[in-house]
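Biologist: I'd like to learn how to read a structure like this one. Could you walk me through it, feature by feature?

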Amino acid sequence: MAGTGTFKEIVEGDVYKFYADGQWRLSSSGNISYVYNPTVAGKQAYKITACSKDEVNQAFQSAKAAQKIWAKTPLYKRAEMLHKVAEIMRKNKGPIAECLVKEVAKPAKDSVTEVVRSADLLSYTAEEGIRILSEGKFLVSDSFPGNPRNKLCLASNAPLGVILAIPPFNYPVNLTCSKIGPALIAGNAVVVKPPTQGSVSTLHMMHCFHLAGFPKGLLSCVPIKASELGDYVTTHPLVNCISFTGGCDTGMSISKKAGMVPLQMELGGKDAMIVLEDGDIELAATNIIKGGFSFSGQRCTAVKVVLVMESVADKLVSSVNAKVAQLKVGPPENDCDIVPVVTEASANFIEGLVTDAKAKNAKLCQEWKRQGNLIWPLLIDNVTTDMRIAWEEPFGPVIPVMRIKTPEEGVKHCNSSKYGLQGCVFTSDINKAMLLSDAMESGTIQINSAPARGPDHFPFQGIRESGVGSQGVTNSINLMTKIKTTVLNLPTASYTMVGGDVSLPIEKKGPACGDCIVCMHSYG
């Protein structure tokens with residue numbers, strides 16, 4: 001059970017603590033943040049201590065000091081530590097999953113899957129880190145015109161220092177691990193600023209790192225009141241890299257203030273599905289359900305607009321409507337397909353998009369129905385470009401359908417969006433698939449499947465306002481390191497010889513010097 005047994009150390013009374021310097025404690029500020037249960041309007045699920053400015057600063061100071069020690073820890077030992085965390089998480093998946101159900105209304109089955117997936121990600125990161133970081137580059141100078149071979153360059157990956165990790169509410173465990181794992185294997189320290197909704201899940205996950213025995217100060221998790229300390233955290237002078245997943249407005253604000261700090265940002269998307277006349281309509285319909293309505297559409301890679309050729313639009317809409325009718329709507333504890341969205345503000349925003357579309361003569365294929373934060377699944381047909389939902393990201397169980405006359409029309413709409421995260425194409429013609437994939441300006445294009453983030457080692461990136469930098473285990477490790485080179489300058493050019501004579505430029509200074517090869521003095 002959450003906050004008990006293995007996790008009793010992270011809570012005092014009914015208030016969850018923050019983690020820094022290897023300890024769990026309440027903030028001296030006395031401030032409390034509240035996590036509300038999306039399923040029951042106005043019901044508090046958890047209370048969390050909110051850190052003071054001094055406590056946040058101390059977390060960064062401790063991280064800087066601990067990182068210098070951690071960077072000297074052998075690579076294989078860092079990997080062993082990540083494997084240890086993964087095993088602890090697997091053994092304690094139940095309590096962590098319970099938090100996901102209560103604070104973000106994730107279906108119970110999916111909550112367990114997220115924890116196990118995150119443990120698997122850490123294990124993979126440990127092994128991938130060994131593969132990447134155990135290798136470097138060796139360069140010789142005579143490969144560039146005009147240079148003899150008298151310079152030998154050794155290049156390797158070095159840690160950046162302190163990584164600030166800011167995960168989102170919808171995958172707080174998985175997306176925190178996707179930031180912490182690569183950072184640690186590369187020799188960095190990490191300060192985590194958890195989302196308010198999702199913070200208790202994150203704190204439980206962080207306790208698994210604590211139990212694994214990482215050095216004090218190397219990891220911290222500092223819940224804050226973002227309105228008061230958000231800018232302070234993201235502009236702290238000891239931050240050497242920011243990995244952020246979340247809203248576009250917040251991400252853009254951080255990026256403008258970050259200066260020269262490397263950024264890894266995923267800020268959402270308006271992921272388009274283009275369905276051609278030769279596409280498998282039933283497969284497309286199934287993927288609209290899976291890709292658009294799972295977790296009530298609260299995924300950056302959810303299908304957020306369907307662009308279907310007019311000749312097959314009726315057939316596709318009919319198939320999707322039949323499947324929508326089979327979706328189970330209700331609380332996450334019952335493993336329902338459609339669960340409440342995370343906040344009342346989110347529900348209000350979604351309703352505003354639907355109201356606008358309806359007022360402009362879009363066709364609501366199902367009756368609009370809402371109870372609190374729970375919104376019934378809705379397909380909206382005959383959406384046009386003057387409607388907000390054609391462009392804005394609903395982050396809810398509402399999918400617009402736009403009918404197109406040509407594939408080029410679909411590509412144009414996709415590329416006119418301010419977002420560019422993912423997209424997908426349904427066609428039986430591989431040539432068309434590749435042509436459209438090349439034409440669609442998005443980070444990833446799926447062929448005959450809905451957009452998806454994963455498997456977690458796949459590259460994951462967006463363009464325009466969908467983000468900057470690339471994720472995925474390998475790309476994250478590389479982003480959280482810098483290239484360090486050492487150049488060995490030889491007194492004379494040196495070449496590898498096979499079966500030939502070796503003539504060494506030895507300066508003979510007297511009988512004692514002789515003809516030994518140790519001196520390596522050049523002739524004067």
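Modeller: Sure, we'll go through confidence, a helix, the cores and the pockets.

Biologist: Where do I start, and what is the average pLDDT of the protein?

Modeller: Start with confidence, since this is a predicted model. The average pLDDT is 93, and 94% of the residues score at least 70. Residues 513–524 fall below 50, and that stretch makes 20 contacts in the model beyond near neighbours in sequence.

Biologist: Now a helix. Which residues of α12 are buried?

Modeller: The general idea: an α-helix has 3.6 residues a turn, so residues three or four places apart point the same way. In α12, which spans residues 407–416, the buried ones are G410, V411, H413, C414 and N415. What they pack against is a mix of strands β14 (272–275), β15 (305–309) and β20 (398–404), plus helix α13 (430–439).

Biologist: And K91, is that buried or exposed?

Modeller: K91 belongs to helix α2. Exposed means over 50% relative accessible area, so K91, at 65%, counts as exposed. For a sense of scale, K91 and V411 sit 320 residues apart in sequence, and their C-alpha atoms are 46 Å apart in space.

Biologist: Which residues touch the most other members of the largest nonpolar core?

Modeller: That core has 95 residues, and M89, L184, F209 and F214 touch the most other members. Helix α2 (residues 75–91) is the top contributor, giving 8 residues. There's also a second, separate core of 54 residues, with V324, A390, V398 and I404 among them.

Biologist: Zoom in on F209: what is it in contact with?

Modeller: Skipping neighbours within four places in sequence, F209 contacts L82, V85, L122, I180, L184, F214 and L219.

Biologist: On to empty space. What volume does the largest pocket have, and what lines it?

Modeller: Rolling a probe the size of a water molecule over the atoms shows where empty space is left. Here the largest pocket holds about 1200 Å³. Its lining has 41 residues, with F169, G246, G247, C248 and T250 nearest the centre. Helix α8 supplies the largest share, 6 residues. By class, the lining divides into 20 nonpolar, 14 polar and 7 charged residues.

Biologist: How does the lining of the second largest pocket divide by class?

Modeller: There you'll find 9 nonpolar, 8 polar and 8 charged residues. The volume of this second largest pocket is about 540 Å³. Of its 25 lining residues, R117, Y171, S294, R299 and R453 lie nearest the centre, while α4 gives the most to the lining, with 4 residues.

Key:
Residues are numbered from 1 along each chain as its sequence is written. This is a predicted model: local features need pLDDT of at least 70, side-chain atom pairs count only at pLDDT 80 or more; totals for chains, interfaces and linings use all residues. Side-chain values use heavy atoms; hydrogens and water are left out. pLDDT is the predictor's confidence in each residue, from 0 to 100. Contact means heavy atoms within 4.5 Å. Buried means under 20% relative accessible area, exposed over 50%, partly exposed in between (1.4 Å probe, protein chains only). Helices (H or I, at least four residues) and strands (E, at least two) are DSSP runs, numbered from the N terminus. A nonpolar core is a set of buried Ala, Val, Leu, Ile, Met, Phe, Trp, Tyr and Cys residues joined through side-chain atoms within 4.5 Å. On a 1 Å grid over the protein atoms alone, a cavity is a set of points where a 1.4 Å probe fits but cannot get out, and a pocket is an open set with protein on both sides within 12 Å along at least five of seven lines; lining residues have an atom within 4 Å of a point. Grid points are joined across faces, edges and corners, and a volume is the space filled by probe spheres set on the points. Ala, Val, Leu, Ile, Met, Phe, Trp, Tyr, Cys and Pro count as nonpolar, Asp, Glu, Lys and Arg as charged, and the others, Gly among them, as polar.
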